[in-house]
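Student: I'd like to go through this model with you, starting with the cysteines. Can we take it residue by residue?

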Amino acid sequence: MISSDRYRGRFAPSPTGDLHFGSLVTALGSWLRARSRGGAWIVRVEDLDPPREVPGAARRILDTLAAFGMQSDEPVVMQSTRTGHYDAAASRLVGLGAAFACRCSRSALAGALHHGCVAAAGRAARAASLRVRGVDAEICFDDLLQGRRCQNLARDVGDFVVRRGDGWFAYQLAVVVDDAAQGITEVVRGADLLDSTARQIHLQRLLGLPTPRYAHLPLVLDATRRKLGKQLRSAPVDPADPMPALKRALAFLGQDDPDAHAATTPALALAAAARTFSLESVPRADRVVASA
């Protein structure tokens, strides 16, 4: 685990498609926050869901970030190379009595929260997932953008999966292990992951890992108020012409530095924006960007 008092932030895209405007906003927000604090910005590729991954997407995402002037300050980590670390963490959770094997299917749960395994025909033949028990206690944190948040895992989430039946580790566990390993001091990400934070804090406490600060950026919505995403086939940003999207992303984040908006290259725009970046100016509420 890296130990440092210096600010360390990260951007962690999934290679399920090319970089779209919503992801650009998240990358930019995390990059500007790191630079404004004189810290490091690290890219980690969350390639732990092979059925959903698009061939070549990881490389294109990294190339697009570079075209927009943002490159990782350290070698890019691919989560698919770190499964041994996740397995060790999972084994520890089992040893603590906090995690258990489960063969419940989604259809057996019928959309209900998991509170102990249910009986179902053919369960023995189903590959077991690994779940962590949802504790009946309030887990609270102070988000730098969204304010005080509390969640009772037993009531609001139930027992949650940390390793799927196909053997792949779930986001909740992998992100906790990697944030600690990379010494991440603050997580700046989209508000769609706000609901996951209590689960991650619970895992951090169980595993004896530090809890970083959190800042959840507003989401970019389309004209129908749906979050931009690869599942909606949102149009990718254009790495060959980065300035229009970069300036729109700055405006979305409430950063109105005139030098940044007058700049003609990503390097000039980012340098100007980093000098004046203000987290307090970032909107809290999700916003519609109809033509994104």
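Student: How does cysteine 140 count, buried or partly exposed?
Tutor: Bearing in mind that this is a predicted model, cysteine 140 counts as partly exposed, with a relative accessibility of 23%.

Student: Which residue does cysteine 140 form a disulfide with?
Tutor: Its partner is cysteine 150, and the two sulfur atoms are 2.1 Å apart. Cysteine 140 lies in strand β6 (residues 138-143) and cysteine 150 in strand β7 (residues 147-152), so the disulfide ties together parts that are 10 residues apart in sequence. Cysteine 150 is also partly exposed, at 40% relative accessibility.

Student: What about the handedness of that disulfide?
Tutor: The disulfide between cysteine 140 and cysteine 150 is right-handed, because the torsion about its S-S bond is about 115°.

Student: How many disulfides does the structure hold?
Tutor: The structure holds one.

Student: Why is there no bond between cysteine 102 and cysteine 117?
Tutor: Cysteine 117 has the closest cysteine sulfur to that of cysteine 102, but at 3.4 Å it is too far for a bond, since a disulfide requires sulfur atoms within 2.5 Å. Cysteine 102 is buried, with a relative accessible area of 2%, whereas cysteine 117 is partly exposed at 34%.

Student: Switching topic, where is arginine 199 found?
Tutor: Arginine 199 is in helix α7, which covers residues 197-207, and is buried, with a relative accessible area of 14%.

Student: Which side chain does the arginine 199 side chain join in a polar contact?
Tutor: That of aspartate 195, through a polar contact of 3.2 Å. Leaving aside neighbours within four places in sequence, arginine 199 is in contact with Leu153, Val157, Phe160 and Gln172.

How values were computed: Residues are numbered from 1 along each chain as its sequence is written. This is a predicted model: local features need pLDDT of at least 70, side-chain atom pairs count only at pLDDT 80 or more; totals for chains, interfaces and linings use all residues. Side-chain values use heavy atoms; hydrogens and water are left out. Helices (H or I, at least four residues) and strands (E, at least two) are DSSP runs, numbered from the N terminus. Buried means under 20% relative accessible area, exposed over 50%, partly exposed in between (1.4 Å probe, protein chains only). A polar contact is a pair of N or O atoms within 3.5 Å; within protein, one must be able to donate a hydrogen and the other to accept it, and residues adjacent in sequence count only if both atoms are side-chain atoms. Contact means heavy atoms within 4.5 Å.
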